[in-house]
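Here are a few friendly notes to read with the model open beside you. Take the points in order and find each residue as you go.

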Amino acid sequence: MTDLQTQTRPRRPRPKVVTLTDAAAARVRELMDNADRKCVGLRVGVKNGGCAGQEYTFAYADEIGPMDEVVEDKGAVVLIEPKAILFLIGSEIDFETTRLSSKFVFRNPNETDACGCGESVTIIPATSTEAS
């Protein structure tokens, strides 16, 4: 064998599916610290619903599923449901507080439409050329 055949290049790190702003990371950490039970992170997904067709979902995660994408950002842990990965690639999650509400907000390059109230969106999954 030659040296070329025996050497392996280190793999470059895979980019995160989503990133968190400082405000979102702080809110996720706060939710985990104040949860009624021990949680490994906040599970993020996408489900069919709402007038625009899809809604983002959040839930406490008791364990990491075998196909979950684990995102650790700024000390917060977010688990992306497997079926939501292609819908969320490249998204930034923020947490905004206004005089009337506090909520997580997605800046998702895969969104093509949103309803007027902001509760549901239309998302086109990323293609393999966009995801790489």
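1. A definition to start with: two strands pair if DSSP finds at least two bridges between them. Keep in mind too that you are looking at a predicted model.

2. Start with strand β4 (residues 69-73) and strand β5, which pair in the antiparallel sense over five bridges. To see one of the matches, find E72: its bridge partner in β5 is V77. The two strands form a hairpin, with two residues between them. Have a look at K74 in that turn, where phi is positive, at about 55°.

3. Now turn to the other partner of β5. Strand β2 (residues 41-48) pairs with β5 in the parallel sense, over three bridges. Here R43 has L79 as its bridge partner in β5. Is β5 mostly covered or mostly exposed? Strand β5 (residues 76-80) is mostly covered, since four of its five residues are buried.

4. A second hairpin is worth a visit. Strand β6 (residues 91-97) and strand β7 (residues 102-107) run antiparallel to each other and pair over six bridges. The hairpin they form has four residues between the strands. Within this pairing, F95 has F104 as its bridge partner in β7.

5. Next come the aromatic rings. A pair of aromatic rings is described by the distance of the centres and the angle of the planes. How many aromatic pairs are there? The count comes to four. One of them joins F58 and F106, with 5.8 Å from centre to centre and 40° between the planes, so this pair is tilted. It links distant parts of the chain: F58 sits in strand β3 (residues 54-61) and F106 in strand β7, 48 residues apart.

6. How covered are these two rings' residues? F58 counts as partly exposed because its relative accessibility is 33%. F106, at 10% relative accessibility, counts as buried.

7. F95 and F104, the bridge partners from point 4, also form an aromatic pair. Their ring centres are 5.1 Å apart and the planes meet at 65°, which makes the pair edge-to-face, as planes over 60 degrees apart count that way. Are F95 and F104 buried or exposed? F95 is buried, with a relative accessible area of 16%, and F104 is buried as well, at 18%; the cut-off for buried is under 20%.

8. Finally, put the rings together. Ring pairs link Y56, F58, F95, F104 and F106 into a cluster. Try showing these five side chains at once, and you can trace the pairs of points 5 and 7 within the cluster.

Notes
Residues numbered from 1 in each chain as written. Predicted model: local features only at pLDDT ≥ 70, side-chain atom pairs only at ≥ 80, totals over all residues. Heavy atoms only, no water. Buried < 20%, exposed > 50% of the residue type's maximum accessible area, 1.4 Å probe, protein only. Phe/Tyr/Trp six-rings, centres within 6.5 Å; stacked < 30°, edge-to-face > 60°.
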